[in-house]
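Please look over the chain shown here. A short report on selected local features follows it.

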Amino acid sequence: MTEDRWVTAVTDRSPSYEINLAMVFEGVASRVPDRPAIVHRGRVTSFADLSDRVRRLARFLADRGLGCSRERSELAGHECGQSLMAQYLHNGTPYLEGLLGGFRARVAPFNVNYRYVVEELVELFADARPEAIQFDGRYAATLAAVLERIDTVPVLLQVDDGSGALLLDGAVDYEEALASVPADPGVVPSPDDLYVLYTGGTTGRPKGVLWRQGDAAVSALHLTNRRADREWASLDEQLDALGSKAGRMLASAPFMHGAAQWGVLQTLCEGNTVVIQSDVDRLDPVDIWDTVERERVSVLTIVGDAFGRPLLDEIEARPRDVASLRIITSGGAALVPANKQRFVDAIPGIRLIDGLGSSEAGALGRAHTSGEGSAAARVFEPSPGTVVLDEERCRVLEPGEDRAGWLATKGRVPLGYLRDVAKTAATFPIVDGIRFSVPGDRARPLADGTIEVLGRDSVTINTNGLRRMFAEEGRAAVKHHPDVVDVIVCSRPDQRWGTAVVAVVSTRDGRTVTREEIVRACEPHLARYKLPKDVVVVADVKRNPNGKADYRWAAAIATGHTGDA
C-alpha cells in the first residue's frame with residue numbers, strides 16, 4: 001500500500017490527506033507506466049518515460065542548490081521559501097516536464113508570457129526573482145537583453161525548439177542537463193509546496209499568486225472524488241480510481257495561462273493523455289481540428305469566442321470525424337449563446353461547459369449546454385464555497401437579493417501575492433472569521449441559486465480571448481508619443497478579436513496623429529497584442545470631476561468610430 005505521507009496542520013480542513021501534484025503524478029506513472037501521457041507531433045511519451053524525465057530535471061535543479069529553504073509554517077502568506085523557476089516556453093513536452101520536475105524538486109515554476117517585450121520581462125523578473133529559467137531557444141536573444149538588466153544570475157535551461165538558435169552564454173542545453181543526472185530527485189515534496197501563477201494584477205503590474213499545492217489541487221484542478229462529492233481520503237484511493245482507458249484532452253490555449261495549466265495538470269494526475277496540437281505559435285483552427293480527428297481527442301478546451309468563432313467557421317466549412325469529442329470547455333471567457341448553439345449543431349452530442357474561474361480563486365462555477373439549447377451568458381452554477389459578498393465585504397448576500405456585490409469564494413484559497421502585503425490583505429479579506437478570496441469581479445446572486453457575473457471591477461481589456469491588458473499600461477505607453485496630451489485606452493466589440501483595443505487621444509495644438517505613429521511609440525513598451533487597433537483623436541479627453549478617466553464616455557466614442565480595427 002502507498003504510504004500517506006502528509007497530514008495537514010490546518011484546523012479548518014477536515015481531510016488528513018492532501019495532494020502534492022508531483023507525487024500524485026508519480027503514483028499514476030507507477031500504476032499505468034505504459035499509458036500515453038503526452039502526444040505531440042507524432043511523438044508519444046509514456047507515463048514511465050515522462051516520470052523518468054521529470055525526476056531527472058528535479059535532480060538537476062536540486063544539485064544546483066534549488067529547492068525549499070523555509071517551510072510554509074515559518075512564512076506569511078505573501079512570503080516564498082522556495083526557489084522560483086520561470087517557464088518562458090511555448091506548449092510542448094518540456095513545459096509539462098518543467099512544471100512537474102519543479103514540483104518534484106520543491107522548486108516553484110511560474111508562467112511567463114512569451115509575448116512580452118524586454119521591458120515587460122525585466123519588470124516580471126524583478127518581481128519574481130527567478131533562480132532558474134527554462135526557455136525556448138527562439139527567445140535566447142531577448143533573454144540575453146533581459147539578463148543584462150536584472151541583478152540575479154539564474155540557472156539557464158535552453159530547450160531546442162527547432163529554431164536553430166545558438167546556446168545562450170551561460171545556459172545548459174535542456175536535453176544534456178537531463179542526461180547528466182540520475183532519475184533520483186533526492187527530496188520529498190509536500191502539499192505545502194507552492195503552485196505559482198503570475199497574473200497582471202488590477203494595476204497592470206505582474207503579480208505572483210501563491211497557492212499551496214494541496215489547495216490548488218482541489219480548488220483549481222478539481223482533483224477530488226467527484227462521484228462521492230468529497231476530497232480524496234488517501235493517495236491509494238485516488239490511484240484506485242484511475243480509469244481503465246485514458247481520455248484524451250487538448251488544450252488549445254498556451255500553457256502559460258492558468259486555465260490551460262489546470263486542465264493539463266488535472267489530465268495527467270488522473271491518468272489521462274495530453275494531446276498538443278502541431279502549431280503551438282498561434283491559433284490554427286485547421287491544425288486543431290485535424291489533431292482532434294487524428295488523435296481521437298475527447299476533451300477540447302478553448303477560450304471564449306476568440307477561439308470559438310474561428311474553430312466554428314472551420315468545422316462548419318469542412319466537417320471532420322470528431323465523434324470522439326465529448327466535451328468542449330471554455331475557460332477565461334464565456335461563449336455567447338449563438339456560438340454555443342453553433343457548436344451543438346455542428347457536433348451532435350457535444351457537451352459545452354463555460355468555466356468561471358480566477359487565478360486568485362480557482363474554479364468558481366460553470367454553466368452547461370447540450371442539445372437542449374444554449375445557456376444564458378454570464379450566469380453560472382457556483383462551485384462549493386462560491387458566494388457574493390455585499391458592497392462593503394461585510395456579509396454574504398442571499399440568493400435573490402436584488403443588488404450587486406463582489407464575487408468571492410472561501411475554503412481552499414491562495415495564500416497571497418508574492419511579496420505584496422497590502423494586496424494580499426485586500427484580495428483575501430476575513431469576513432466573520434472566514435478568509436475569502438475576492439478576485440475583483442462584480443456579481444449578483446439570483447433567486448434560483450445561480451450567480452450572474454457582471455464583469456471585472458478594474459478596467460481590463462481582453463482581446464483575442466486569452467490576451468489581457470490593462471487600460472493604465474496602455475495609457476502610459478501611448479503617452480510616449482510627444483504630441484499626445486491626454487489619452488484613455490478602452491475597448492469596443494470587434495468581430496475578429498472579440499474586443500479591440502482603442503486609444504482615445506487629445507493632441508498638442510490639435511495636431512493629427514495616425515494609428516501607425518501611436519503604435520510605433522507603444523512598441524518598445526507593450527507586447528504586440530496590446531497595441532491599439534484604432535486611434536480616435538478628440539478635442540479634449542473627458543474626465544470625471546475627481547480627475548479619473550470617464551471610461552463610459554471613451555467606450556462610446558470608440559464604439560461610434562469606424563476605424564482600423
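The notes below cover a pocket, two backbone angles, a small sheet and one strand residue.

The model is predicted, not experimental.

**The pocket**

Start with the second largest pocket. Its volume is about 400 Å³. A total of 18 residues line this pocket. Those nearest its centre are His 40, Arg 41, Pro 94, Val 159 and Asp 160. Which helix gives the most to the lining of the second largest pocket? Helix α3, residues 93–104, does, with three residues. By class, the lining divides into eight charged, five polar and five nonpolar residues.

**Two positive phi values**

Most residues other than glycine have a negative phi. Arg 41 has a positive one, near 55 degrees. Arg 129 also has a positive phi, near 55 degrees. The table sets out both arginines.

| Residue | Phi | Loop between | Relative accessibility |
|---|---|---|---|
| Arg 41 | near 55 degrees | β1 (36–40) and β2 (43–46) | 53% |
| Arg 129 | near 55 degrees | α4 (118–128) and β5 (132–136) | 48% |

Each arginine is found in a loop. Is Arg 41 buried or exposed? Arg 41 counts as exposed, because its relative accessibility of 53% is over the 50% cut-off. Arg 129 is partly exposed, because its 48% falls between the 20% and 50% limits. Arg 41 also belongs to the pocket described above, as one of the residues nearest the centre.

**A three-stranded sheet**

Next comes an open sheet. It is built from three strands in the order β8-β9-β19, and the pairing is antiparallel. Its edge strands are β8 (194–199) and β19 (416–417), each of which pairs on one side only. Strands of a sheet pair through backbone hydrogen bonds. Strand β9 covers residues 207–212. How many bridges link β9 and β19? The two strands pair over two bridges, in the antiparallel sense. Leu 210 stands opposite Gly 416 in β19.

**A buried methionine**

Last, look at Met 469. This residue is found in strand β25, which spans residues 467–470. Its relative accessible area is 0%. Met 469 therefore counts as buried, because the cut-off is under 20%. How far apart are Met 469 and Leu 147 in sequence and in space? They are 322 residues apart in sequence. From C-alpha to C-alpha, Met 469 and Leu 147 are 24 Å apart.

Conventions:
Residues are numbered from 1 along each chain as its sequence is written. This is a predicted model: local features need pLDDT of at least 70, side-chain atom pairs count only at pLDDT 80 or more; totals for chains, interfaces and linings use all residues. Side-chain values use heavy atoms; hydrogens and water are left out. Helices (H or I, at least four residues) and strands (E, at least two) are DSSP runs, numbered from the N terminus. Buried means under 20% relative accessible area, exposed over 50%, partly exposed in between (1.4 Å probe, protein chains only). Two strands pair if DSSP finds at least two bridges between them. On a 1 Å grid over the protein atoms alone, a cavity is a set of points where a 1.4 Å probe fits but cannot get out, and a pocket is an open set with protein on both sides within 12 Å along at least five of seven lines; lining residues have an atom within 4 Å of a point. Grid points are joined across faces, edges and corners, and a volume is the space filled by probe spheres set on the points. Ala, Val, Leu, Ile, Met, Phe, Trp, Tyr, Cys and Pro count as nonpolar, Asp, Glu, Lys and Arg as charged, and the others, Gly among them, as polar.
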